[in-house]
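Thanks for asking me to look over this model. My notes follow as numbered points, so please keep the structure open as you read.

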Amino acid sequence: MRVVVDLNRCQGYAQCAFLAPDVFEIHGEEALLYKPRPDEAWRDDVVRAVTACPVQAILLDRSDEAVTAGEASDAR
């Protein structure tokens, strides 16, 4: 799992920092710090943070994850 944040789009609402504090942190008044490759244990929190972002500045990239045969069949 990889997290990508469009820092030009981010407005500092900090919903991500409230929902996934182990991954996102507001530094100062508006600077966002984040872990681009968070631990899998934080997946649910990261997904909630992505969903809650009011300007949709956070992308969860899962292209590096292995896909099982069952998931590949479901995608068709």
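1. Let's begin with Ala 20. Leaving aside residues up to four places away in sequence, Ala 20 touches Asp 45, Val 46 and Ala 49. Bear in mind here, and in everything below, that this is a predicted model. Ala 20 sits in the loop between helix H1 (15–19) and strand S2 (24–27). Is Ala 20 buried or exposed? Its relative accessibility is 1%, so Ala 20 counts as buried, the cut-off being under 20%. You can also check the backbone here: the C-alpha atoms of Ala 20 and Asp 44 are separated by 8.7 Å, with their positions 24 residues apart along the chain.

2. Now for the overall layout. The chain has three helices and four strands, and their order from the N terminus is β-α-β-β-α-β-α. Of the 76 residues in the chain, 25% are buried. Among contacts with a separation of 6 or more, 62% are between residues 24 or more positions apart.

3. Asp 45, one of the residues that Ala 20 touches, has a charged partner too. The side chains of Asp 45 and Arg 48 meet in a salt bridge, at 2.6 Å from N to O. Both residues belong to helix H2 (residues 43–52), where they are three residues apart, about one turn of the helix. With a relative accessible area of 44%, Arg 48 is partly exposed. Asp 45 also counts as partly exposed, at 23% relative accessibility.

4. How many salt bridges does the count come to? There are three. As a general reminder, side chains of opposite charge can pair when their charged atoms come close. Another of these pairs is Arg 2 with Asp 61, whose closest N and O atoms are 2.7 Å apart. This pair links distant parts of the chain: Arg 2 is in strand S1 (residues 2–5) and Asp 61 in strand S4 (residues 58–61), 59 residues apart. Arg 2 counts as partly exposed at 32% relative accessibility, whereas Asp 61 is buried at 16%.

5. Glu 40 and Arg 43 also form a salt bridge, and their closest N and O atoms are 2.9 Å apart. Here Glu 40 is partly exposed, with a relative accessible area of 43%. Arg 43, at 18% relative accessibility, counts as buried. That value lies under the 20% cut-off, which is why Arg 43 gets this label despite being a charged residue.

6. Next, the cavity. The structure holds one cavity of 30 Å³ or more. Its lining has 15 residues, and those closest to the centre are Cys 10, Tyr 13, Ala 14, Cys 16 and Cys 53. The largest cavity contains about 90 Å³ of space. Which kinds of residue line it? The lining of the largest cavity divides into twelve nonpolar, three polar and no charged residues.

7. With cysteines named in that list, you may want to know about disulfides. A disulfide is a covalent bond between the sulfur atoms of two cysteines. A search of the whole structure finds zero disulfides. For Cys 10, the nearest cysteine sulfur is that of Cys 16, 6.3 Å away. For Cys 53, the nearest cysteine sulfur is that of Cys 10, 6.5 Å away. A disulfide needs sulfur atoms within 2.5 Å, so neither Cys 10 nor Cys 53 is in one. Cys 10 is partly exposed, with a relative accessible area of 22%, while Cys 53 counts as buried at 13%.

8. Finally, two backbone angles to look at. Ala 14, among the residues closest to the centre of the cavity, has a phi near 70 degrees, a positive value in a residue other than glycine. Ala 14 is placed in the loop between S1 and H1 and is buried, with a relative accessible area of 16%. Gln 56 is not a glycine either, and has a positive phi of about 50 degrees. Gln 56 lies in the loop between H2 and S4, and at 62% relative accessibility Gln 56 counts as exposed.

Methods. Residues numbered from 1 in each chain as written. Predicted model: local features only at pLDDT ≥ 70, side-chain atom pairs only at ≥ 80, totals over all residues. Heavy atoms only, no water. 1 Å grid on protein atoms, 1.4 Å probe; cavity = no way out; pocket = protein on both sides within 12 Å on 5 of 7 lines; lining within 4 Å. Points joined across faces, edges and corners; volume = space filled by probe spheres on them. Buried < 20%, exposed > 50% of the residue type's maximum accessible area, 1.4 Å probe, protein only. Contact = heavy atoms within 4.5 Å. Salt bridge = Lys/Arg side-chain N within 4 Å of Asp/Glu carboxyl O.
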